[in-house]
Amino acid sequence: MPGKEISDICIYCKDSEAIASIRGRRLCRNCFIDYANSKASRGMTSYRPHKNTATYKLLLPLSLGISSSSLLHMLDRLQQRQVSASLGRAGYDVHVLIVDPSTIHPGHTDVQSNVDAVKASFPRHTFTTVPLHSIFQYDATIKDTLCDFGFVDEGFDSDKARLDAFRASLSTATARDDIDNLLLVRLIVAFAKTNSCDGIVWGDSDSRLAAKTLANVAKGRGASTTWQVCDGVSPWGIDFCFPLRELYKFELELYVQQLPELASITVPDLQSQENSSNRNLSIDGLMNQYVKTQGEKYPGVMANVVRIVNKLQPISSNKQDARCPLCSTPVERTALSGDNEASTISMCYACLRSRADILQDSSSN
Ligand SMILES: [Zn+2]
Ligand SMILES: [Zn+2]
């Protein structure tokens, strides 16, 4: 900006020129980066190094988007800080899992150069790239689940063809996004278990968690909101942690802009680009859009959405409880009494709704 005021000085260090207003305070580049990292490191207190404990092994699902790329940068930095502190070692190791974005969304072309860039920038961590259809390889129960879902698994010569056919059988955008999200979570969980990880660190920002909360309620997945939004043990028995829960999406966008090494890693967010032009929006897409536009005007309201969920207790359940075979939410069998076909399957209300989408479609053919 030409003719910038000299008086625009960072309120923290009182030394450098401010680059942005963050929660009402003018901050310079370095103080902003420190601010964002301190928020993430507060979210990681469970994984501090301790004298007599082993190093945690954490799985970081990297979508190559802005948020998960920022998280990787912050966890790398935190790890180096821990190593240089008194105990001389880090509390955790990071295994990065990239589910190839081009196997999730056809708009992404080859991401090999992004993958190469991220490996070069963060050489201390382990990296694995898998396609979404490798879920059939890692998750031993997924085939049965899809059959429960009404999918006829016949005549496919590859896992890719099988998954393509299943996804194509979902006729509404809402069901497609909903099930895609679940398949992705299940692949990531199964991969984490196969590799003996102690927990999964998700890159969701406060804005994303608010959108997930609102979408879950709208889709009838209110009961599973706690594990999708709160730190703690997931229904699959592995810990979930959301270290970026106190950072807004636009703060992470600013973070990536300040770090040129992240520019060659991140891929554009095709879903949100599509959402702004597409009238046939899914509930997930609609809520992402809503939080993006309203969250910029009223970030405090979105932060409250997530804070309220954090105060909710997860549904208490024990291992004997019936669980939905797709999303693992505890289900009461009585809730299914109206549906004869489903009464033996114990699928939850929300998954039954998406399942109806497949059945309706195949009966109309
Ligand atoms: Zn400063
Ligand atoms: Zn379910």
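Two zinc sites and a helix in a predicted model

Of the chain's 365 residues, 48% count as buried, where buried means under 20% relative accessible area with a 1.4 Å probe and protein chains only. This is a predicted model, in which local features need pLDDT of at least 70 and side-chain atom pairs count only at pLDDT 80 or more, while totals for chains, interfaces and linings use all residues. Residues are numbered from 1 along each chain as its sequence is written, chains are lettered from A and ligands numbered from 1 in the order in which they are written, and side-chain values use heavy atoms, with hydrogens and water left out.

User: What makes Cys-10, Cys-13, Cys-28 and Cys-31 donors of the zinc ion (ligand 1)?

Analyst: Donors are N, O and S atoms within 2.8 Å of the metal (3.2 Å for Na, K and Ca), and because water is not among the atoms, sites may look incomplete. The SG atoms of these four residues lie 2.3 Å from the zinc ion (ligand 1), and the donors follow the spacing C-x2-C-x14-C-x2-C along the chain. Cys-10 lies in the segment before strand 1 (20–22) and Cys-28 in the loop between strand 2 (25–27) and helix 1 (29–42), so the pair ties together parts that are 18 residues apart in sequence; helices (H or I, at least four residues) and strands (E, at least two) are DSSP runs, numbered from the N terminus.

User: Why is the site of the zinc ion (ligand 2) called tetrahedral?

Analyst: Four donors count as tetrahedral if all angles lie between 85 and 135 degrees. The angles among the 4 donor atoms of the zinc ion (ligand 2) are 104 to 118°, and the site is therefore tetrahedral. Its donors are the SG atoms of Cys-324, Cys-327, Cys-348 and Cys-351, at 2.3 to 2.4 Å, and they are spaced C-x2-C-x20-C-x2-C in sequence.

User: How do you know whether Cys-348 is buried or exposed?

Analyst: Cys-348 has 8% relative accessibility, so this residue counts as buried. Cys-351, with a relative accessible area of 0%, is buried as well.

User: What makes the span of helix 1 close to the expected one?

Analyst: The expected span of a helix is 1.5 Å times one less than its number of residues. Helix 1 has 14 residues and reaches 20 Å from its first C-alpha to its last, close to the 20 Å expected. Its buried residues, including Phe-32, Ile-33 and Tyr-35, pack against strand 1, strand 2, helix 2 (66–83) and helix 10 (249–258), with contact meaning heavy atoms within 4.5 Å.

Conventions
Buried means under 20% relative accessible area, exposed over 50%, partly exposed in between (1.4 Å probe, protein chains only). Four donors count as tetrahedral if all angles lie between 85 and 135 degrees; four count as square planar and six as octahedral if opposite donors are over 155 degrees apart and all others between 65 and 115; anything else is irregular.
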